Amino acid sequence: MQDLVQLLVSGVALGSVYALAALGFVTIYSATGIVNFAAGQFVMFGAMFGVTTVLQLGLPMPMAILLAVAMMGVFGFLFYLGVHLPLRTQSPVTVVIATVMIGLSMQNGANLIWGSAPFRLPSPFGDGTLTVFDSALSTHALASIGITAVLVAALYVLMQHSSLGRVMRAVAQDFPTARLMGLPVGLLLACSWAIAAVLAGFAGLLIAPMWFADAHMGDAIALKAFAATIIGGFGSVPGAIAGGLFVGLAEILGASYISSAYKDLLCFGAMVVFLVARPQGIFGEPISERG
C-alpha cells in the first residue's frame, strides 16, 4: 500500500508536468488553430533557462525561478514575432512544418549554448520527503502537483473572469470579426504565445529536478504531451489536464507493475485506441462532417 501511494503521487506529479505542456498545445491551438510541435523544446528551454539562472549565475532560488519564467514569457512573445507572424497568411500545414523545423533549430541551439552534457537542476523545495499514511512522499513531487493546480486555477481565472481573457477568447472564436471590432489581434495572439511559453517554462523547471536537464529532453515531453492532448481532447483545457495525468500515471504504474520497457507503449497505445474509438478525446466535442 505504501509503495502504491508513492507511485500514485509520482505519477500525478509527472502527469502534472505533461498537463502543463499539453496546456501549451491547447492554448496555441485554441488561439490560432495551429499545433505547435516545438512545444517540447519550449519545455526544454524552460529547464535550461533554469540551469542558467540557478547553476550558472548562482542567483537565489526564488529570483532565479522568476527570472527563468520571465525569460520564457519574452521568448514566447519573440517566437510569435519571428515565426508565427511572418507565416500567418500561409497554410496551417506550412506553419506546422515551420514549428517542427524551429524546434529542431532550438534543440541544436541549446546544444551550442549549454552543451550536450546533462545538468542536475536542484529542486526549489529540497530533496526531502513528507510522511503521509506511512508513505515517504517527495516534497518536490507534492509541490509540483500543488503548483500545477495553482497555475491551472490562475489560467481559468485569467481566461474566464478577466477582460484580457474575454478578448483573447473573442479573437480565438472569430478572428476577422475581432479585427473589425478594433481589437489588437496581433498583441492578443502574442499574449497567447507568451502564456503557452510560461506554462512550458514551469513544466521544464518542475521536471528538471526529476530528470536530467539537457538539450534533448524536449522530444520525449512533446510526444507525451501530444498523446495527452489526444486522449483528453484537442482544444480542451480539462482534457489537457486529464490526459496529462493519465499519461503520467500510465508511465509510472506501467513501469513499476509491468515493465519499464513497455511504459511508453501503454501511453501511445491508449492514444491509438482513442483515435480509433473516440477521436474527440475524453472532453472533446463530437466530430462531425458537413454533408
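The paragraphs below lead from the overall build of the protein chain to its hairpin and then to four individual residues.

The model is a predicted one, and its protein chain holds 11 helices and two strands. Followed along the sequence, these elements come in the order α-α-α-α-β-β-α-α-α-α-α-α-α, a pattern in which the two strands stand next to each other, after four helices and before seven. Along its principal axes, the C-alpha trace of the protein chain spans about 60 × 50 × 35 Å. A compact globule of 291 residues would be expected to have a radius of gyration near 19 Å, and because the protein chain has 19 Å, its value agrees with that expectation.

How much of the protein chain counts as buried? Of its 291 residues, 46% fall into that class, while the accessible surface of the protein chain comes to about 13800 Å², with 69% of it belonging to carbon and sulfur atoms. Among the contacts in the protein chain with a separation of 6 or more, 74% are made by residues 24 or more positions apart. As for charge, the protein chain carries 9 positive and 10 negative charges, and the mean positions of the two groups are 14 Å apart.

The two strands deserve a look of their own. Strand β1, residues 129-132, pairs with β2 in the antiparallel sense, and the pairing runs over four bridges. Within it, T129 has S138 of β2 as its bridge partner, and V132 stands opposite S135 in β2. Two residues lie between the strands of this hairpin, where F133 takes a positive phi near 50 degrees. In a regular strand the side chains alternate between the two faces of the sheet. In strand β2, which covers residues 135-138, S135 and L137 make up the covered face, whereas A136 and S138 make up the uncovered one.

Turning to the helices, we can begin with F25, which lies in helix α1, the element formed by residues 2-32. Is F25 buried or exposed? Its relative accessibility is 1%, so F25 counts as buried, the cut-off for that class being under 20%. Once its neighbours within four places in sequence are left aside, F25 is in contact with V35, N36 and A39, and also with A222, A225, F226 and T229. The C-alpha atoms of F25 and S236 are separated by 10.0 Å, although these two residues are 211 residues apart along the chain.

In helix α2, which takes in residues 39-56, we find F42. With a relative accessibility of 2%, F42 is likewise under the limit and therefore counts as buried. Which residues is F42 in contact with, leaving aside its neighbours within four places in sequence? They are N36, M72, F75, F79, M106, W193, A197 and A200, and N36 is thus a contact of F42 as well as of F25. From C-alpha to C-alpha, F42 and V198 are 8.9 Å apart in space, while in sequence they are 156 residues apart.

A different setting is offered by H216, whose place is in the loop between α8 (185-207) and α9 (217-232). The relative accessible area of H216 is 42%, which means that this residue is partly exposed. Apart from neighbours within four places in sequence, H216 is in contact with Q107 and N111. Q107 is 109 residues away from H216 along the chain, yet the C-alpha atoms of the two are separated by 6.6 Å.

The last stop is A250, a residue of helix α10, which extends over residues 237-257. A250 has a relative accessibility of 16%, so A250 too counts as buried. Its contacts, with neighbours within four places in sequence left aside, are A255, L266 and C267. Between the C-alpha atoms of A250 and A270, which are 20 residues apart along the chain, the separation is 9.4 Å.

Notes: Residues are numbered from 1 along each chain as its sequence is written. This is a predicted model: local features need pLDDT of at least 70, side-chain atom pairs count only at pLDDT 80 or more; totals for chains, interfaces and linings use all residues. Side-chain values use heavy atoms; hydrogens and water are left out. Buried means under 20% relative accessible area, exposed over 50%, partly exposed in between (1.4 Å probe, protein chains only). Two strands pair if DSSP finds at least two bridges between them. The radius of gyration is taken over C-alpha atoms; the globule rule is 2.2 Å times the number of residues to the power 0.38. Contact means heavy atoms within 4.5 Å. Accessible areas come from the Shrake-Rupley method with a 1.4 Å probe; for residues, only the protein chains shown count as cover. Lys and Arg count as positive and Asp and Glu as negative; His and the chain ends are not counted. The place of a charge is taken as NZ of Lys, CZ of Arg, CG of Asp or CD of Glu.
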